[in-house]
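Work through the exercises below with the sequence and the 3D structure at hand. Each task is followed by a solution in steps.

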Amino acid sequence: MSTSEKVLFILESNKLIYISGEEMARQCGVSRNAVWKAIRDLRKKGYDIEAISNKGYKLKGNTDIISVEGIKAGLPESCSKSDIFVYDSLDSTSDKAKELAMKGGDHGTVVVAVTQTGGRGRKDHTFYSPEGGLYMSIILKPELLQSTDSKAVTAFVGAAVISAIKELTGIETYIDGINDLYVDGKKICGILLESGSEFDSNTLQWIVAGIGINFDSDISNFPEDIKERASSLFDTGKATIAKNALIAKIIEKILDCQP
């Protein structure tokens, strides 16, 4: 982990307080000058970091950039070692997660993208995935699930997302159909399960659960055939939580992480 990543993790883990450069240097095992350079680099990437003499640094609440460090800062210790990969853009987070699963990726490995260019729903329907959404896929190993029935796993993942949203925002969502979540009659989330089996024994090897949420998406820019039935958790720029926090809470609920 680079010094910038270490500094970002410290800032993400302490959003309510100021952390001195000296303390961050101590925790990172580097010089205060190295911390200052890391702060400078993070600001160049868009992080709004406040600095006050004799108090230190603090990441402002309006910063909502998805990052591995931001997600891990919100996870309980029991889940903090999960492999998490964040990309600016992917064809599909599930395609990347399946690639990792076929290479032996562990239960709980997560892939997140800021945008998708080839997001999919059921029956190969397109899942429109612009900026403002939350797109993630998680590898699940069958032996660590209570059931491998597709409907049961979809319901389990859906319940985890519903619980995470409710806990962090107070917003009530519900499942309608097999794999879609709604608020007030409009879709805000789609869930897609895909799996891989060993051909000779027909043994299920892994499941990838793809989750796409309209977080603070600008629905007015959605294609005409979608926007009439779609909604978003928050209006654009009006989110009361960070995307990192919701991603972490969903991971926590799916993996049943203990505090």
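The model is predicted.

**Exercise 1.** State where serine 80 lies, whether serine 80 is buried or exposed, and how far serine 80 is from phenylalanine 215.

Solution.
- Step 1: Serine 80 sits in the loop that runs between helix 4 (68-73) and strand 3 (84-90).
- Step 2: The relative accessibility of serine 80 is 18%. Buried means under 20%, so serine 80 counts as buried.
- Step 3: In sequence, serine 80 and phenylalanine 215 are 135 residues apart. In space, their C-alpha atoms are 24 Å apart.

**Exercise 2.** Find how many salt bridges the whole structure has, and describe the one between glutamate 99 and lysine 96.

Solution.
- Step 1: A search of the whole structure gives 15 salt bridges.
- Step 2: In the bridge between glutamate 99 and lysine 96, the closest N and O atoms are 3.3 Å apart.
- Step 3: The two residues are three residues apart in helix 5 (residues 93-102), so about one helical turn separates them.
- Step 4: Glutamate 99 has a relative accessible area of 32% and is therefore partly exposed.

**Exercise 3.** Describe the salt bridge between glutamate 194 and lysine 98, then the surroundings of glutamate 194.

Solution.
- Step 1: The closest N and O atoms of glutamate 194 and lysine 98 are 2.9 Å apart.
- Step 2: This pair links distant parts of the chain, with glutamate 194 in strand 8 (residues 186-198) and lysine 98 in helix 5, 96 residues apart.
- Step 3: Glutamate 194 is buried at a relative accessible area of 17%, and lysine 98 also counts as buried, at 17% relative accessibility.
- Step 4: The side chains of glutamate 194 and lysine 98 make a polar contact as well (2.9 Å).
- Step 5: Leaving out residues up to four places away in sequence, glutamate 194 touches Ser94, Lys98, Arg120, Trp206, Ile207 and Val208.

**Exercise 4.** Classify the exposure of lysine 166 and of glutamate 172, and name the residues linked with Glu167 in a network of salt bridges.

Solution.
- Step 1: Lysine 166 and glutamate 172 meet through their side chains in a salt bridge of 2.8 Å, N to O.
- Step 2: Lysine 166, with a relative accessible area of 38%, is partly exposed.
- Step 3: Glutamate 172 has 53% relative accessibility. Exposed means over 50%, so glutamate 172 counts as exposed.
- Step 4: A network of salt bridges links Glu167 with Lys249, Glu252 and Lys253.

**Exercise 5.** Place strand 7 (residues 180-183) between its partners, strand 6 and strand 8, and decide which of its faces are covered.

Solution.
- Step 1: Strand 6 (residues 174-176) pairs with strand 7 in the antiparallel sense over three bridges. One bridge partner pair is tyrosine 174 and tyrosine 182.
- Step 2: Strands 6 and 7 form a hairpin with three residues between them. In the turn, glycine 177 has a positive phi of about 80°.
- Step 3: Strand 7 and strand 8 run antiparallel and are joined by four bridges. Leucine 181 stands opposite cysteine 189 in strand 8.
- Step 4: Strands 7 and 8 form a hairpin too, with two residues between them; aspartate 184 in this turn has a positive phi of about 50°.
- Step 5: Side chains in a regular strand alternate between the two faces of the sheet.
- Step 6: Asp180 and Tyr182 are on one side of strand 7, and Leu181 and Val183 on the other. These residues are all buried, and both faces are covered.

Note on methods:
Residues are numbered from 1 along each chain as its sequence is written. This is a predicted model: local features need pLDDT of at least 70, side-chain atom pairs count only at pLDDT 80 or more; totals for chains, interfaces and linings use all residues. Side-chain values use heavy atoms; hydrogens and water are left out. A salt bridge is a side-chain nitrogen of Lys or Arg within 4 Å of a carboxyl oxygen of Asp or Glu. Buried means under 20% relative accessible area, exposed over 50%, partly exposed in between (1.4 Å probe, protein chains only). A polar contact is a pair of N or O atoms within 3.5 Å; within protein, one must be able to donate a hydrogen and the other to accept it, and residues adjacent in sequence count only if both atoms are side-chain atoms. Contact means heavy atoms within 4.5 Å. Two strands pair if DSSP finds at least two bridges between them.
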